[in-house]
Amino acid sequence: MHQKRIAVLTSGGDCSGMNATVRAVVRAALEAGVEVIGIQKGYHGLIDRHYEVLGTRSVSNTLQRGGTFLQSARCPQMMEEPGQRLAAENLKGLGVEGLIAIGGDGSLRGAMALQRFGIPVIGVPASIDNDIPFTDMSLGVDTALNNIIHAVDCLKDTASSHDRTFVVETMGRNCGYLAVMASIASGGEYALIPEAPYDLDEICKALRRRYEEGRSNSIIMVAEGAGQAQEIADTIKDSIGFETRVMILGHYQRGGSPSAFDRLLGARFGVAAVEALLAGDGGKMVGLSYASIKLTPLEEVIKVGSKPIDNMILKLACTLGN
Ligand code: ADP
Ligand code: F6P
């Protein structure tokens, strides 16, 4: 008898928790008697047919590792119809009856394209930006936040020893979630984000007032899309004479052993994705809603595009930053 087969891939920016999800997919599928093909390097592997059969041992010792052992990539060919058609044909040629695509908003668009070419796909939201709608948290966000607050804790030690202001740049080209949440969690003074206008002159005046009150060091978080960290630091220095230093956290944020939260989220997303595929529920994304896992049509996820930042979080940051 023909054995059912599904495939799994990781695409776009990698993040911690992708391995935990692939492991959960493999183990849940094998438990249901379904074979799993791991596609390498995201949609590139689909187009170029780079894949491996994943057994239960293939995912041993991966849970605690950041990044993705299947590797990830950006694949321009997948943006065009011929690439999408070829990817779908290759999957059909492999006898694959469904795909689980783990990635950010771009990867979910790729997933939707394959669904339109007749491949049932379940998307798993994975991006440290936490900008994917219909899920409270995406994979990798919690680990990235923990990475950032670890770095800021270290910087605060040296900042307070030298009466310095540190400008710390987080990732987030269009989304300030990481900068704001990390600022709240690490006791930062300001978070500058792309979603909200800010007045650097006013910030300088407030820093001066703080200094006069005896608070002589500060942390200014800046999301990468909200301004140039070095320019901001230079402005603060020129305006009020503070010694400033810059820390660009860059890709450090994306790596590292996943937090307990991301391991558990990956486990739940992976199993739910397999269950949805096997129930014939293609064309959906798994998401976390309060404490539950729910499915949302990929079409709706893509229509909404980017999740706006929650005003409650901004208010909390303003209250606690003063
Ligand atoms: P992320 O998934 O982290 O948001 P990208 O936006 O770079 O990262 O997308 C990852 C990959 O997903 C792209 O390189 C491309 O292969 C695919 N992709 C992105 N947008 C689309 C789209 N509109 N249609 C089809 N595939 C897409
Ligand atoms: O989308 C996730 C993300 O980490 C963004 O925050 C960041 O701007 C981008 O990816 C960096 O992409 P790359 O890995 O291509 O440098």
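Helices (H or I, at least four residues) and strands (E, at least two) are taken here as DSSP runs, numbered from the N terminus. The model is predicted, so to speak plainly: local features need pLDDT of at least 70, side-chain atom pairs count only at pLDDT 80 or more, and totals for chains, interfaces and linings use all residues. Residues are numbered from 1 along each chain as its sequence is written, ligands are numbered from 1 in the order in which they are written, and side-chain values use heavy atoms, with hydrogens and water left out.

Helix H4 and strand S6 (164-170) each supply at least two residues of the lining of the largest pocket (an open set of points on a 1 Å grid over the protein atoms alone, where a 1.4 Å probe fits, with protein on both sides within 12 Å along at least five of seven lines; lining residues have an atom within 4 Å of a point). H4 gives the most, with seven residues. The volume of this pocket, the space filled by probe spheres set on the points, is about 870 Å³. Of its 40 lining residues, the closest to the centre are Gly13, Arg74, Asp105, Gly106 and Arg173.

Ligand 1 sits in the largest pocket (more than half of its atoms lie within 2 Å of the grid points). Around ligand 1 are 15 residues (a heavy atom within 4 Å), and H4 (residues 105-116) contributes five, the most to this shell. Polar contacts (N or O pairs within 3.5 Å) reach ligand oxygen atoms from side-chain atoms of Arg74, at 2.8 Å, and Asp105, at 2.8 Å, and from a backbone N or O atom of Gly104, at 3.0 Å.

Methods:
A polar contact is a pair of N or O atoms within 3.5 Å; within protein, one must be able to donate a hydrogen and the other to accept it, and residues adjacent in sequence count only if both atoms are side-chain atoms.
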